[in-house]
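These are notes on the model you sent, written as numbered points. Please keep the structure open while reading them.

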Amino acid sequence: DQGKQSVWFAISPQAIRLRETANIETDFQTFNTLIQHTRLHEHHDLATCPACLNQLRQAVDLANGDFLDGFSLADSLQFEEWTLLTREQIFQDHLNALKQLGLVAEKMGNHTELQQIAQRQIALEPWHEAAYSQLMRSLALTGQRSAALVQFERCRTVLHRCRWDHRTSG
């Protein structure tokens, strides 16, 4: 019915969006806000800004799975394109936040955090050689030489497989 309006959504033939007055906060909005705050905050060294570090940690904790995973509008190419581009932007922001946090953790010698961050980067991009390097260094520095060698072998295997797949597909 055209006369009824939703308290939560603004609905038109072209779009459905949350009303600003709905007072609903989504993980997507919170993630973007946290990332933007850290981008816009001026500091010379992220390691010296506890507020930005906290915001990046909160953002990466919110980034679980793909944006709108499992939701699709097969008859709307525009929606599918928007979803794909949004997923990619969130993925890149998430990965960049992890990289920044990893560099700070390594600089500060926080090996427990560095190992967790490096593993999260590797889970997102199994071929991310820099994350393997951070993880191996951290494991070696904390006396976990065997674990560092296991990571080296995993990295070598993944990179070899990527190179092999690239050669055979092109």
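**Notes on the predicted model**

1. Phe67 has a relative accessibility of 15%, so Phe67 counts as buried, since the cut-off for buried is under 20%. This is a predicted model, and the points below should be read with that in mind.

2. Where is Phe67 found? Phe67 sits in the loop between α2 and α3. Setting aside neighbours within four places in sequence, Phe67 is in contact with Phe28, Trp82, Thr83, Thr86, Arg87 and Ile90. Along the chain, Phe67 and Asp27 are 40 residues apart, while their C-alpha atoms are 9.8 Å apart in space.

3. Leu68 also has its place in the loop between α2 and α3. With 32% relative accessibility, Leu68 counts as partly exposed, whereas Phe67 counts as buried. Please look at the backbone here as well: phi of Leu68 is near 50 degrees, which is a positive value in a residue other than glycine.

4. The overall fold can be described briefly. The protein has six helices and two strands, and their order along the sequence is β-β-α-α-α-α-α-α. The two strands therefore come before the six helices, given that elements are numbered from the N terminus.

5. On overall dimensions, the radius of gyration of the protein is 21 Å, where a compact globule of 170 residues would have one near 15 Å. The C-alpha trace spans about 70 × 45 × 25 Å along the principal axes. Of the 170 residues, 31% count as buried.

6. What share of the contacts with a separation of 6 or more comes from residues 24 or more positions apart? In this protein the share is 45%.

7. Turning to the surface, the accessible area of the protein comes to about 11,900 Å², and carbon and sulfur atoms account for 54% of that area. The protein has 16 positive and 20 negative charges, and the mean positions of these two sets are 7 Å apart.

8. The largest nonpolar core has 19 residues, of which Phe31, Ile35, Leu46, Leu56 and Leu101 touch the most other members. At least two residues of this core come from each of α1 (27-40), α2 (50-62) and α3 (77-108). Apart from this core lies another one, of 11 residues, including Ala131, Leu139, Cys155 and Leu159.

9. Leu101 can serve as an example from the largest core. When residues up to four places away in sequence are not counted, Leu101 touches Leu53, Leu56, Arg57, Val60 and Ile117.

10. Two histidines are worth a look. His41 is found in the loop between α1 and α2, and His128 lies in the loop between α4 (111-124) and α5 (129-141). Is each one buried, or partly exposed? His41 is partly exposed, because its relative accessible area is 40%, and the partly exposed class runs between 20% and 50%. His128 has 12% relative accessibility and so counts as buried.

11. The contacts of the two histidines can be listed next. Not counting residues up to four places away in sequence, His41 touches Cys49 and Cys52. His128, with neighbours within four places left aside, is in contact with Lys99 and Gln121. As for distance, His41 and Arg161 are 120 residues apart along the chain, and their C-alpha atoms are separated by 40 Å.

Notes:
Residues are numbered from 1 along each chain as its sequence is written. This is a predicted model: local features need pLDDT of at least 70, side-chain atom pairs count only at pLDDT 80 or more; totals for chains, interfaces and linings use all residues. Side-chain values use heavy atoms; hydrogens and water are left out. Helices (H or I, at least four residues) and strands (E, at least two) are DSSP runs, numbered from the N terminus. The radius of gyration is taken over C-alpha atoms; the globule rule is 2.2 Å times the number of residues to the power 0.38. Buried means under 20% relative accessible area, exposed over 50%, partly exposed in between (1.4 Å probe, protein chains only). Contact means heavy atoms within 4.5 Å. Accessible areas come from the Shrake-Rupley method with a 1.4 Å probe; for residues, only the protein chains shown count as cover. Lys and Arg count as positive and Asp and Glu as negative; His and the chain ends are not counted. The place of a charge is taken as NZ of Lys, CZ of Arg, CG of Asp or CD of Glu. A nonpolar core is a set of buried Ala, Val, Leu, Ile, Met, Phe, Trp, Tyr and Cys residues joined through side-chain atoms within 4.5 Å.
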